[in-house]
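Subject: Handing over the structure

Hi there,

Here is the structure I promised to pass on to you. My notes on what turned up in it follow below.

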Amino acid sequence: MLKIWGRTNSVNVKKALWAIEELGLKYERIDAGMQFGVTKTPEYRRMNPNSLVPTIDDGGFILWESHTIVRYLAAKHAAGTLCPSELRARADAERWMDWAFTLQGAMRDVFWGLIRTPPEKRDMKAIEAGAKRSSELLQAVLEKNLENRAYVAGTSFTMGDIPIGCEVQRWMRVPIERPRLPNVETWFGRLRARPAFLKVVDVPLT
Ligand SMILES: N[C@@H](CCC(=O)N[C@@H](CS)C(=O)NCC(=O)O)C(=O)O
């Protein structure tokens, strides 16, 4: 059975879990990372020398890097749907997967500052700068892309929606002031109609 190592509150673990749930695969999840430890043990490092989560073991095939895990599982189990078959359609979806790390970088201080740092230790300047940058990025890039598209890569849900959906969930749920982004909000509503998204992604941030 597919195994995945990673704590459920990690944004990158959520991406892999959402793909797994979306595909209806049977899996075993092992808590790892932060308070659970595990990632610095020699056994884990042999699988993933980065000592980060997630890592999967698919019948002896070990894979890390969350977006690559999503790509791999989509190509293996949902070629032609979650993983578009046409080259340009697939590249379009992959572009949004990679762009998710751009938003993650902008959101880092916001998420860590507001969710994982006690109020008296918060760097409010860094939090405000990150919130401003994240909102600007979403407005200039994702909001515009979704003007004529139901999902990031076109008319149907693909692997392209998964990483960016997880990053936008954080932006939507952190206590900051957000500009109105009607297209992003409508798309986010479509993600919220997916049971797998509600189960493993859109849960309270910790
Ligand atoms: N690029 C990697 C980054 C993985 C990563 O940074 N994971 C974080 C959690 S989101 C981690 O392992 N942090 C240390 C820990 O949880 O102990 C991926 O997408 O898989």
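A word on one term before the rest: when I say that one element covers or packs against another, I am speaking of contact, and contact means heavy atoms within 4.5 Å. Please also keep in mind that this is a predicted model.

**The overall fold**

The chain contains eight helices and four strands. Going along the sequence, their order is β-α-β-α-β-β-α-α-α-α-α-α. The chain has a radius of gyration of 17 Å, close to the 17 Å that the globule rule gives for 206 residues, so it is as compact as a globular protein of that length. Along the principal axes, the C-alpha atoms fill a box of roughly 45 × 45 × 25 Å.

Half of the story is inside: buried residues account for 50% of the 206 residues. If you look at contacts between residues at least 6 apart in sequence, 68% of them join residues at least 24 apart. On the outside, the chain exposes about 10100 Å², and carbon and sulfur atoms supply 53% of that area.

For the electrostatics, you will find 31 positive and 24 negative side chains. The centres of these two sets lie 1 Å apart.

**Helix α6 and its cover**

α6 (161-173) is a good place to start looking. Twelve of its 13 residues are buried, so the helix is mostly covered. The buried ones are D161, I162, P163, I164, G165, C166, E167, V168, Q169, R170, W171 and M172. Which elements provide the cover? They include α1, α3, α4, α5, α7 (182-192) and α8 (195-200).

The length of α6 also works out: at 1.5 Å a residue its 13 residues should span 18 Å, and its end C-alpha atoms are 18 Å apart, which agrees.

**Helix α3 and two of its residues**

α3 (66-77) is one of the elements that cover α6. It has twelve residues and reaches 16 Å from its first C-alpha to its last, close to the 16 Å expected at 1.5 Å a residue. Its buried residues are S66, H67, I69, V70, R71, L73 and A74. These pack against β1 (2-5), α1 (11-23), β3, β4, α4 (87-115) and α6.

An α-helix has 3.6 residues a turn, so residues three or four places apart point the same way. You may like to have that in mind when you look down the helix.

Two residues of α3 deserve a closer look:

- S66 lies in helix α3 and counts as buried, at 3% relative accessibility. Not counting residues up to four places away in sequence, S66 touches N12, K15, P54 and F101.
- H67 is also placed in helix α3 and is buried, with a relative accessible area of 3%. Leaving aside neighbours within four places in sequence, H67 is in contact with K15, M97, D98, A100, F101 and P163.

K15 and F101 appear in the contacts of S66 and again in those of H67. P163 is one of the buried residues of α6, and its contact with H67 gives you a residue-level view of how α3 and α6 meet.

**Backbone points to check**

Most residues other than glycine have a negative phi, and most peptide bonds are trans. With that as background, here are three places to look at.

The peptide bond from V53 to P54 is cis, with omega near 5°. P54 sits in the loop between α2 (42-47) and β3 (55-58), and P54 is one of the residues that S66 touches.

V38 has a positive phi, near 75°. This residue is in the loop between β2 (27-30) and α2, and at 29% relative accessibility V38 counts as partly exposed.

E65 has a positive phi as well, near 85°. Its place is the loop between β4 (61-64) and α3, and at 39% relative accessibility E65 counts as partly exposed.

**A long-range pair**

One last item, in case you want a distance across the model. D123 lies in the loop between α4 and α5 (124-145) and counts as partly exposed, at 46% relative accessibility. D123 and K3 are 120 residues apart in sequence, and their C-alpha atoms are 38 Å apart in space.

Happy exploring, and best wishes

How values were computed: Residues are numbered from 1 along each chain as its sequence is written. This is a predicted model: local features need pLDDT of at least 70, side-chain atom pairs count only at pLDDT 80 or more; totals for chains, interfaces and linings use all residues. Side-chain values use heavy atoms; hydrogens and water are left out. The radius of gyration is taken over C-alpha atoms; the globule rule is 2.2 Å times the number of residues to the power 0.38. Buried means under 20% relative accessible area, exposed over 50%, partly exposed in between (1.4 Å probe, protein chains only). Accessible areas come from the Shrake-Rupley method with a 1.4 Å probe; for residues, only the protein chains shown count as cover. Lys and Arg count as positive and Asp and Glu as negative; His and the chain ends are not counted. The place of a charge is taken as NZ of Lys, CZ of Arg, CG of Asp or CD of Glu. The expected span of a helix is 1.5 Å times one less than its number of residues.
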